[in-house]
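This briefing addresses a single protein chain and is intended to be read beside its sequence and coordinates. Topics are taken in turn, beginning with backbone geometry in the loops.

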Amino acid sequence: MIITREIDYAIRVLRALADGELHSVQKMSETEFIPCHFAYKIVKKLEKANMLAIQRGVMGGCQLVGDLAKISLYDVFGVMGEDRIISSCVSPTHKCTWRHGHGNRCTVHDHLCNLQSSIDDELKNIFIKDLLCEQED
């Protein structure tokens with residue numbers, strides 16, 4: 001698991017739209033320092049997830065429709081199609097030959113599953129609105 005450029009750019013797009021106004025992809029691309037081809041790709045994914053709406057045409061652009069106080073970092077990972085799995089070992093589809101050969105019990109697997117669960121819980125509790133606000137000391 002890693003915060004990829006695509007996830008970083010998706011957060012930047014949501015930041016640009018946080019004011020609720022209509023913004024062109026070109027302008028967001030410039031102000032948020034996102035390559036335009038990435039911005040279009042990300043905007044389409046966020047639209048499909050009902051986080052923003054796209055208005056086409058000369059006066060078109062994008063506008064936030066989701067609530068940034070309810071959209072978590074976990075959600076953004078999912079929308080962008082990014083893997084949140086820390087190790088293939090914890091993936092439900094992983095076939096571990098070691099576990100198979102040792103009675104399906106592995107303390108490494110157990111600890112990694114607990115770690116994965118903790119990370120998922122953290123990601124679910126980090127909301128985009130909170131990421132965009134300044135932290136108080």
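Asparagine 50 lies in the loop between H3 and E1. The model is a predicted one, and in it the phi angle of asparagine 50 is near 60°, a positive value in a residue other than glycine. This residue comes just after H3, the helix that spans residues 36-48.

**Loop residues with positive phi**

- Asparagine 50 has a relative accessibility of 59% and therefore counts as exposed, since the cut-off for that class is over 50%.
- Phenylalanine 33 is placed in the loop between H2 and H3.
- The phi angle of phenylalanine 33 is near 55°, again a positive value in a residue other than glycine.
- The relative accessible area of phenylalanine 33 is 68%, so this aromatic residue is exposed.

**Helix H3 and its surroundings**

- Helix H3 has 13 residues, and at 1.5 Å a residue these should span 18 Å. The C-alpha atoms at the ends of H3 are 19 Å apart, which agrees with that expectation.
- Phe38, Ala39, Ile42, Val43 and Leu46 are the buried residues of H3. They lie on the same side of H3, because the arc they cover around the axis is only 130°.
- Exposed residues His37 and Lys48 are carried on the face of H3 turned away from its buried side.
- The cover over the buried residues of H3 includes three helices, namely H1 (5-17), H2 (25-31) and H4 (73-79). Strands E1 (52-55) and E2 (61-64) are also included in that cover.

**Cysteines**

- The number of disulfides in the model is zero.
- Cysteine 36 takes part in no disulfide, and the nearest cysteine sulfur, that of cysteine 62, is 11 Å away. A disulfide would require the two sulfur atoms to be within 2.5 Å, so this pair does not qualify.
- Cysteine 62 is likewise in no disulfide, with the sulfur of cysteine 36 as its nearest cysteine sulfur.
- Which of the three classes, buried, partly exposed or exposed, applies to cysteine 36? Its relative accessibility is 24%, so cysteine 36 counts as partly exposed.
- Cysteine 62, by contrast, has a relative accessibility of 1% and therefore counts as buried, the limit for that class being under 20%.

**The chain as a whole**

- Seven helices and two strands make up the secondary structure elements of the protein chain. Their order from the N terminus is α-α-α-β-β-α-α-α-α.
- The radius of gyration of the protein chain is 19 Å, well over the 14 Å that the globule rule gives for 137 residues. The chain is therefore more spread out than a compact globule.
- Along the principal axes, the C-alpha atoms of the protein chain fill a box of roughly 65 × 35 × 25 Å.
- Of the 137 residues in the protein chain, 34% count as buried.
- Among contacts in the protein chain with a separation of 6 or more, 64% are accounted for by residues 24 or more positions apart.
- The area exposed by the protein chain is about 8,800 Å². Carbon and sulfur atoms supply 52% of that area.

Technical notes: Residues are numbered from 1 along each chain as its sequence is written. This is a predicted model: local features need pLDDT of at least 70, side-chain atom pairs count only at pLDDT 80 or more; totals for chains, interfaces and linings use all residues. Side-chain values use heavy atoms; hydrogens and water are left out. Buried means under 20% relative accessible area, exposed over 50%, partly exposed in between (1.4 Å probe, protein chains only). Helices (H or I, at least four residues) and strands (E, at least two) are DSSP runs, numbered from the N terminus. The expected span of a helix is 1.5 Å times one less than its number of residues. The arc is that of the directions from the helix axis to the C-beta atoms. Contact means heavy atoms within 4.5 Å. The radius of gyration is taken over C-alpha atoms; the globule rule is 2.2 Å times the number of residues to the power 0.38. Accessible areas come from the Shrake-Rupley method with a 1.4 Å probe; for residues, only the protein chains shown count as cover.
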